[in-house]
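Me: I would like a close look at one part of the model shown below, with the surrounding context kept in view. Please take your time and connect the details to one another.

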Amino acid sequence: MIVRTLEEITDTERDVKTEHWRSKRIVLAGDGVGFSLHETVLEAGSINDFWYAHHIEAVWVIEGEGELYDKDNDVTYQLRPGSVYVLSGNEHHQLRPRTEMRTVCVFNPPVTGGEVHDENGVYPLIVLPTPEEEAS
């Protein structure tokens, strides 16, 4: 069983801060559960380009409002509390928060926490060995 609070991971290596967003990585690949779970807060008025070429991401908007632009299909979606989107096709996308936006994100495969977006907004695929693989 894993029990964590946001407070205990604040300002640790699980708390990743960039110019326009902050992501607290609550569950990571090293926890061995097959997904990662993050709270991400995006700055109002920012434009954030992402492309998870190696991951499926599901996002639930908890607070704030903004837009999700699907760059692959030239479609814009309005986001508000209760909105959920799933990048099931590895879509290039852009998040444009009008107000500060707090989200809960799930990644599969899980991220390790050490990934950094490259110039295309992509996280590299880092696969950790399973506990069974490490034991053998």
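How many helices and how many strands does the secondary structure of the chain come to? With that settled, which strands form the open sheet with the order that begins at β1, and in what order do they stand? Please make that sheet the centre of the answer.

Reply: The model is a predicted one, and its chain has a secondary structure of two helices and ten strands. Along the sequence the pattern is α-β-β-β-β-β-β-β-β-β-β-α, with ten β elements between an α at the start and an α at the end. Of the 136 residues, 35% count as buried. Among contacts in the chain with a separation of 6 or more, 60% are made by residues 24 or more positions apart. The accessible surface of the chain is about 7600 Å², and carbon and sulfur atoms account for 53% of that area.

The sheet you ask about is an open one of six strands, ordered β1-β2-β3-β10-β5-β8, with antiparallel pairing. Its edges are β1 (15-17) and β8 (84-87), and because each of these has a single partner strand, one side of each is left without a neighbour in the sheet. On average, and with direction ignored, neighbouring strands of this sheet are turned by 20 degrees against each other.

Within the sheet, β2 (residues 21-27) and β3 (residues 36-42) are joined by six bridges in the antiparallel sense, and Arg-25 has His-38 of β3 standing opposite. In the sheet order, β3 is followed by β10, and a salt bridge is found between Glu-39 and Arg-102, whose closest N and O atoms are 3.2 Å apart. Since Glu-39 belongs to strand β3 and Arg-102 to strand β10, this pair ties together parts that are 63 residues apart in sequence. The two partners can also be placed by their accessibility: Glu-39 has a relative accessible area of 10% and is therefore buried, whereas Arg-102, at 25%, counts as partly exposed.

Strand β2 takes part in a salt bridge as well. Arg-22 pairs with Asp-11, with the closest N and O atoms 3.5 Å apart; Arg-22 lies in strand β2 and Asp-11 in the loop between α1 and β1, so the pair ties together parts that are eleven residues apart in sequence. Asp-11 is exposed at 58% relative accessibility, and Arg-22 is partly exposed at 29%. Both residues belong to a network of salt bridges that also links Asp-15 and Lys-17. The backbone at Asp-11 deserves a remark too, since phi there is near 65 degrees, a positive value in a residue other than glycine. Most residues other than glycine have a negative phi, and most peptide bonds are trans.

Strand β10 (residues 101-108) holds Val-106, which counts as partly exposed at 31% relative accessibility. Val-106 helps to make a nonpolar surface patch of about 280 Å², together with Ile-2, Val-33 and Phe-35. Beyond this strand, the peptide bond from Asn-108 to Pro-109 is cis, with omega near -5 degrees, and Pro-109 is placed in the loop between β10 and α2 (131-135). At the β8 side of the picture, Asn-90 is found in the loop between β8 and β9 (92-97); Asn-90 has a positive phi of about 55 degrees although it is not a glycine, and a relative accessible area of 24% makes it partly exposed.

For context, there is also an open sheet of four strands, in the order β4-β9-β6-β7 and with antiparallel pairing, whose edge strands, β4 (48-51) and β7, each pair on one side only. Its neighbouring strands are turned by 20 degrees against each other on average, direction ignored. Four bridges join β4 to β9 in the antiparallel sense, with Asn-48 and Leu-95 of β9 as bridge partners. Strands β6 (residues 66-70) and β7 (residues 75-79) run antiparallel and are joined by five bridges, with Leu-68 opposite Tyr-77. They form a hairpin with four residues between them, where Asp-74 in the turn has a positive phi of about 50 degrees.

A salt bridge also involves β6: Glu-67 and Arg-98 have their closest N and O atoms 4.0 Å apart, and this pair links Glu-67 in strand β6 to Arg-98 in the loop between β9 and β10, 31 residues apart. Arg-98 counts as partly exposed at 45% relative accessibility. The salt bridges described here are among the ten that a search of the whole structure finds.

Methods. Residues numbered from 1 in each chain as written. Predicted model: local features only at pLDDT ≥ 70, side-chain atom pairs only at ≥ 80, totals over all residues. Heavy atoms only, no water. Pairing = 2+ DSSP bridges. Axes fitted to C-alpha atoms, helices over the stretch in contact; angles between N-to-C directions. Buried < 20%, exposed > 50% of the residue type's maximum accessible area, 1.4 Å probe, protein only. Contact = heavy atoms within 4.5 Å. Areas by Shrake-Rupley, 256 points an atom, 1.4 Å probe, with all protein chains shown as cover. Patch = residues over 30% accessible without salt bridge, like charges linked within 9 Å, V, L, I, M, F, W, Y side chains within 5 Å. Salt bridge = Lys/Arg side-chain N within 4 Å of Asp/Glu carboxyl O.
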